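Work through the exercises below with the sequence and the coordinates open beside you, and try each task before reading its solution.

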Amino acid sequence: MKYRVKNRKRIPAVLIAAMTVLILQTDVTVQARQNVLPSAKSCTFILPEDYQSSSEAGMFVNSHYPLDASNITFQETALHEETEGMTNAEKAASTTGATVQAGDNMQELSKESYEKMMAQQYAMVYGTAVSYQVSSFENITVDGFPGYRIEASWKDTSQNIDQTVIMILSADKTYTITWSQAEDDLHTEDFAESQASVHVQSQS
């Protein structure tokens with residue numbers, strides 16, 4: 001399989017298995033999203049050159065891991081897909097730790113609801129209350145697909161973690177890409193380039 005490379009690794013998201021992360025199950029009423037949103041074929045983004053695949057599907061870590069615990073995670077979730085949660089070891093290894101499952105209410109996601117859900121999930125991961133704070137919550141459009149760009153931060157047992165999340169919605173799946181780094185890591189510029197490279201290909 002050939003990948004398109006321009007001084008970075010372009011990762012075809014459609015080829016990456018769903019991350020083995022803790023999934024938030026939402027109890028929602030099924031709505032006909034297929035009649036509203038376009039269907040997506042694939043999602044791609046550019047992976048910074050210092051990042052490589054980890055033992056966890058969909059997770060990319062810095063070449064200096066574990067000294068540098070920053071990571072990039074990708075999740076492609078089909079609507080109503082059943083996904084198993086992390087093992088305790090997987091939870092401990094990830095600075096991401098939680099994500100939101102694709103669901104029919106994702107178009108109604110808000111800063112407050114996202115912040116509350118993620119705080120609850122991180123509390124489940126660490127067994128104690130976690131201060132998960134969303135500083136920015138934007139509605140975005142990527143290649144005609146609606147979604148969100150979320151800036152957030154939280155503190156694990158030893159350090160503050162900054163996150164940028166790009167979530168893209170389609171008729172039958174949701175793509176979620178999360179860039180995480182400790183506050184003393186220096187990957188903001190590389191992460192910004194990666195975030196700007198996100199593209200979605202439609203089925204048509």
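The exercises that follow move from the whole chain to one helix, its surroundings, the cores and a pocket.

The model is predicted, so that local features need pLDDT of at least 70 and side-chain atom pairs count only at pLDDT 80 or more, while totals for chains, interfaces and linings use all residues. Residues are numbered from 1 along each chain as its sequence is written, and side-chain values use heavy atoms, with hydrogens and water left out.

**Exercise 1. The whole chain**

Task: state how many helices and strands the protein has, and what share of its residues is buried.

Solution. Begin with the DSSP runs, where a helix is a run of H or I of at least four residues, a strand is a run of E of at least two, and both are numbered from the N terminus. The protein has three helices and twelve strands. Next, sort residues by relative accessible area, taking under 20% as buried, over 50% as exposed and what falls in between as partly exposed (1.4 Å probe, protein chains only). Of the 204 residues, 50% are buried. Finally, take contacts, meaning heavy atoms within 4.5 Å: among those with a separation of 6 or more, 62% join residues 24 or more positions apart.

**Exercise 2. The span of helix 2**

Task: compare the expected and the modelled span of helix 2, and list its buried residues.

Solution. The expected span of a helix is 1.5 Å times one less than its number of residues. Helix 2 covers residues 111–126, which is 16 residues, and should therefore span 22 Å; its end C-alpha atoms are 22 Å apart, in agreement with that value. Its buried residues are Y114, M117, M118, A119, Q121, Y122 and V125. Helix 2 is followed by G127, which has a positive phi, near 75°.

**Exercise 3. A123 and V130**

Task: decide whether A123 and V130 are buried, exposed or partly exposed, and find what they touch.

Solution. A123 lies in helix 2 and is partly exposed, because its relative accessible area is 22%. Not counting residues up to four places away in sequence, A123 touches T128, A129 and V130. V130 itself is found in the loop between helix 2 and strand 8, and with a relative accessible area of 12% V130 is buried. With the same sequence neighbours left out, V130 touches A119, Y122, A123, W154 and K155. The C-alpha atoms of V130 and K155 are separated by 6.8 Å, although these residues are 25 apart along the chain.

**Exercise 4. Strand 8 and backbone details**

Task: describe the setting of N139 and D143, and then locate the cis peptide bond.

Solution. N139 is placed in strand 8 and counts as exposed because its relative accessibility is 64%. Leaving aside neighbours within four places in sequence, N139 is in contact with G147 and Y148. D143 belongs to the loop between strand 8 and strand 9, and its phi is near 50°, a positive value in a residue other than glycine. The relative accessible area of D143 is 43%, so D143 is partly exposed. The cis peptide bond joins Y65 and P66, with omega about 10°, and P66 lies in the loop between strand 5 (59–62) and strand 6 (71–78).

**Exercise 5. Nonpolar cores**

Task: identify which elements build the largest nonpolar core.

Solution. A nonpolar core is a set of buried Ala, Val, Leu, Ile, Met, Phe, Trp, Tyr and Cys residues joined through side-chain atoms within 4.5 Å. The largest has 22 residues, and L109, Y114 and Y132 have the most contacts inside it. Helix 2, strand 8, strand 9 and strand 10 each give two or more residues to this core, and helix 2 gives the most, with five. A second, separate core has 19 residues, including F60, I140, I166 and I177.

**Exercise 6. The largest pocket**

Task: give the volume of the largest pocket and describe its lining.

Solution. On a 1 Å grid over the protein atoms alone, a pocket is an open set of points where a 1.4 Å probe fits, with protein on both sides within 12 Å along at least five of seven lines, and lining residues have an atom within 4 Å of a point. Grid points are joined across faces, edges and corners, and the volume is the space filled by probe spheres set on the points. The largest pocket holds about 200 Å³. Its lining has 16 residues, of which E151, D162, Q163, T164 and Q181 lie nearest the centre. Strand 8 (133–142), strand 9 (145–155), strand 10 (160–169), strand 11 (173–182) and helix 3 (188–196) each give two or more residues to the lining.
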